[in-house]
Amino acid sequence: MKKTVAALALAATSTAALAHTGAGVHTHGFLQGFAHPFTGLDHLLAMLAVGAWSVRQPNAKWLPATFIGMVMAGMATGALGLHIPGLETGIALTVALMGVLIAVAVRLPAAAGAVMVGAFALLHGNAHGHELPQMSSAAGLLLASALLVYGGNLLGRISPALALKLSGAAIAATGVMLAATA
């Protein structure tokens, strides 16, 4: 329980949607790309939630890797200029939905989970690709994303079921709040 509370406290120190200020493309290197997923509550919670939720899914040990691979694909679409309408609202809704899935301990068939997680990752990656199209910043972002997803996976493994469900409820509420302000 202490670890879950500590993780939520750390997550709460990020500011909502700070990762996407609308300021356009950032010209940063590896370290700025690495820091990027930690600067927005939407991305931080989505990646932790995907990792935590994937632990409880049947035959889905590869869901975290699917998420990271699709973040990479999404980054390519963003770097190439594909604009997804309602992107920020969609990202916030991914946070809300992941929270609900954790809170009510939803188990999906492996293929359905992969499609859902992949679609969520595509949205997150697309947003990052618009702002961090340089290869060095993209590499940093992918490493940080992997650490967050696998960190969430570890939290999912060590957290008691009730603590995980309560964390999911808090993540869902945060996602709804983010969607309302997007």
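Here is a short briefing on the fold, the annotated spans and a few side-chain details of this chain. The model is predicted, so please read the values below as computed from it. The chain has eight helices and zero strands, and 47% of its 182 residues count as buried.

**Overall architecture**

- Read from start to end, the chain follows the pattern α-α-α-α-α-α-α-α.
- Contacts between residues at least 6 apart in sequence are dominated by distant partners: 88% of them join residues at least 24 apart.
- About 8,200 Å² of the chain is exposed, and carbon and sulfur atoms supply 75% of that area.

**Annotated spans**

- An unreviewed UniProt entry carries the annotation "transmembrane region" for residues 62–84, 90–123, 135–155 and 161–180.
- One of these spans, residues 62–84, is 74% helix and 0% strand, and its end C-alpha atoms lie 26 Å apart.
- Another of them, residues 90–123, is 82% helix and 0% strand, with 7 Å between its end C-alpha atoms.

**The phenylalanine cluster**

- Searching the whole structure turns up two aromatic pairs.
- In one of them, Phe30 and Phe34 have ring centres 6.4 Å apart and planes at 20°; the pair is stacked because that angle is under the 30 degrees cut-off.
- Both Phe30 and Phe34 belong to helix 2 (residues 30–35), where they sit four residues apart, about one turn of the helix.
- Phe34 also pairs with Phe38: their ring centres are 5.8 Å apart and their planes meet at 45°, so this pair is tilted.
- Together, the ring pairs link Phe30, Phe34 and Phe38 into a cluster.
- How buried or exposed are the members of this cluster? Phe30 is partly exposed, with a relative accessible area of 36%; Phe34 is partly exposed at 25%; and Phe38 is partly exposed at 33%.

**A buried histidine**

- Helix 3 (residues 41–55) contains His43.
- His43 has a relative accessibility of 0%, so it counts as buried, the cut-off being under 20%.
- Which side chain does the side chain of His43 meet in a polar contact? The partner is the side chain of His124, at 2.7 Å.

Conventions
Residues are numbered from 1 along each chain as its sequence is written. This is a predicted model: local features need pLDDT of at least 70, side-chain atom pairs count only at pLDDT 80 or more; totals for chains, interfaces and linings use all residues. Side-chain values use heavy atoms; hydrogens and water are left out. Helices (H or I, at least four residues) and strands (E, at least two) are DSSP runs, numbered from the N terminus. Buried means under 20% relative accessible area, exposed over 50%, partly exposed in between (1.4 Å probe, protein chains only). A polar contact is a pair of N or O atoms within 3.5 Å; within protein, one must be able to donate a hydrogen and the other to accept it, and residues adjacent in sequence count only if both atoms are side-chain atoms. Rings of Phe, Tyr and Trp (its six-membered ring) pair if their centres lie within 6.5 Å; planes under 30 degrees apart count as stacked, over 60 as edge-to-face and the rest as tilted. UniProt positions are given in the numbering used here, feature names are shortened, and annotations may be inferred rather than shown by experiment. Contact means heavy atoms within 4.5 Å. Accessible areas come from the Shrake-Rupley method with a 1.4 Å probe; for residues, only the protein chains shown count as cover.
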